[in-house]
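Here are my notes on the model, in the order I'd go through it on screen. Have the viewer open as you read.

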Amino acid sequence: MEQYIIRGGKPLTGSVNISGAKNAALGMLAASIMTDEEVIIDNLPDVNDVNVLLEAISGLGASVSRKDHTARICGAGIKTTTADHEGVRRMRASYYLLGSLLGKYGSAKVALPGGCAIGARPIDLHLKGFRALGAEVALVENGFVSAKADCLYGAHIYLDKVSVGATINIMMAASLAKGKTIIENAAKEPHIVDVANFLNSMGAHIRGAGTDVIRIEGVEKLHGSEYMVIPDQIEAGTYMFAAAATNGDITVRNVIPKHLEATTAKLLEVGCEIHEFDDAVRVVGMGRLRHTQVTTLPYPGFPTDMQPQMAVLLGLAEGVSTITESIFENRFKYVDELARMGADIKVEGSIAIVSGVDHYMGAEVCAPDLRAGAALMIAGFAAEGVTTIDDIHYIQRGYEQVADKFASLGGDIEFMDTEHDIRTLSKKVS
Ligand code: UD1
């Protein structure tokens, strides 16, 4: 079993480079096979979700090569529109292959997505969008979704809920439909804009990304491109909160400060000092944190992907804070783990009532999902004593070299692979 062992209790200080945005990269990788020409994607984060999607694309027949943070992808050799690579089922973002394959080939069959178990996470809005474009969509055997169309036609689509995934998926399919598509109540996250810019760099005609109405004029075909992924706002926010929780001083570099506004606003409210630069933000802890209220909302609201990290901070703030989770219904699973470290949090429906404690104590905890796992790391660095975190594969899905990056900030962290150690030991003994 792989674990992180963290000896906490000292401020994290220094600067850390932020990697490319995982959620933007996933949309782009799927979109990259919508042309037969070569696409080059730079600043690709080296995280498990990205690597699994690269393997899935390669499994379809695309040629894929990767060197450091640059991937070269060519979809000319695609032989099948059925994505049944074993990783696809485990990863939520594999749903993007539905939109890209349907748009390019008029046919897609993809295993229903998994990902972090933070709620029901249906994909009805994605499917509603594909149907509006003229596709026949069905749930078929073994948990596969199939979408087919002789031709896609532009349509007026209203999303009943703001959905990042549905917005990107419909944007991709509609890029190669005949005529004009309008997506109303579209998501506005920075990675929506980034994927739209990427598709436009391939010859798509998408306008309005970043607002709640996106207009897409379908084009005949897309062409090759070279594009650089934006920095990951959630990775950046995670290190910023680590500075606050450990009373440290961290500068996150290679970021777009505008994308971090909700995060910096909350850090100011709880009493941290913030210094903004062109492509960096410095967070300085100023002693005991103050309580506050937070509600997660679609961008530009406070991101649900920063909610567990916020709980770790507020768990150390004086007074009583509340956190309202308005996006996912099952995103407080980390509360029991944090309680083992001494946190005092009660959950009532979608609200967590957080009574601040003086300090956390090291404990053995399990990462219940990606962001909660990162939040537990922050708690571990803030805690007195030793924290052992299990199930770190969740964290590795979305954080590049997370142990090295925390270590470079002075964090005392060790990676343990107990099974590997036992295997090595038994080889030595035999
Ligand atoms: C994406 C992000 C995830 C982030 C989330 C919200 C990726 C790969 N993942 O997830 O990190 O936490 O946005 O910012 O980019 N919904 C429906 N029907 C649908 C689709 C969504 O009811 O067809 C609901 C969801 O259950 C949820 C809400 O809409 O309550 C928002 O979900 P959505 O924005 O689609 O999240 P994801 O794309 O899954």
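1. First, a working term: two residues are in contact when they have heavy atoms within 4.5 Å of each other. With that in hand, take threonine 263, which touches Gly237, Met240, Phe241, Phe302 and Met306 once residues up to four places away in sequence are left out. Threonine 263 sits in helix H9, residues 261–269. Its relative accessibility is 3%, so threonine 263 counts as buried. Bear in mind throughout that this is a predicted model.

2. Now the overall picture. I get 15 helices and 24 strands for the protein. For 430 residues, a compact globule would have a radius of gyration near 22 Å, and the protein agrees with that at 22 Å. Along the principal axes, the C-alpha atoms fill a box of roughly 60 × 60 × 40 Å.

3. On burial and contacts: 56% of the 430 residues are buried. Of the contacts with a separation of 6 or more, 72% are between residues 24 or more positions apart. The accessible surface comes to about 16,900 Å², and carbon and sulfur atoms hold 50% of that.

4. Charges, briefly. There are 39 positive and 53 negative side chains. The centres of the two sets lie 4 Å apart.

5. Helix H5 (residues 124–132) deserves a look. Its buried residues are Leu125, His126, Leu127, Gly129 and Phe130. What do they pack against? Their partners are helix H4 (96–105), strands S8 (136–140), S9 (144–148) and S10 (156–158), and helix H6 (164–175). Just after H5, check the backbone at glycine 134, where phi is positive at about 105°.

6. Strand S9, one of the partners of H5, also holds alanine 147. Alanine 147 has a relative accessible area of 0%, so it is buried. Leaving aside neighbours within four places in sequence, alanine 147 contacts Leu102, Gly106, Ser107, Ala108, Glu136 and Val137. As for leucine 101, it is 46 residues from alanine 147 in sequence, with a C-alpha to C-alpha distance of 9.1 Å.

7. Helix H10 (residues 307–314) is mostly covered, with eight of its eight residues buried. Among them are Gln307 and Gln309, along with Pro308 and Met310. Ala311, Val312, Leu313 and Leu314 are buried in H10 as well.

8. Loops can be buried too, and threonine 35 is my example: it lies between helix H1 (22–31) and strand S3 (38–42). Buried or exposed? At 2% relative accessibility, threonine 35 counts as buried. Outside the residues up to four places away in sequence, threonine 35 touches Gly75, Ala76, Lys104, Met202, Leu222, His223 and Gly224. Histidine 223 is 188 residues away from threonine 35 in sequence, yet the two C-alpha atoms are 5.5 Å apart.

9. Last, the aromatics. How many aromatic pairs does the structure hold? There are six. In the pair of tyrosine 95 and tyrosine 96, the ring centres are 4.8 Å apart and the planes stand at 80°, so this one is edge-to-face. Both tyrosine 95 and tyrosine 96 are buried. Elsewhere on the list, Tyr239, Phe381 and Phe406 form one aromatic cluster.

How values were computed: Residues numbered from 1 in each chain as written. Predicted model: local features only at pLDDT ≥ 70, side-chain atom pairs only at ≥ 80, totals over all residues. Heavy atoms only, no water. Buried < 20%, exposed > 50% of the residue type's maximum accessible area, 1.4 Å probe, protein only. Helix = DSSP H or I, 4+ residues; strand = E, 2+ residues; numbered from the N terminus. Rg over C-alpha atoms; globule rule 2.2 N^0.38 Å. Areas by Shrake-Rupley, 256 points an atom, 1.4 Å probe, with all protein chains shown as cover. Lys, Arg positive; Asp, Glu negative; His and termini not counted. Charge placed at Lys NZ, Arg CZ, Asp CG, Glu CD. Phe/Tyr/Trp six-rings, centres within 6.5 Å; stacked < 30°, edge-to-face > 60°.
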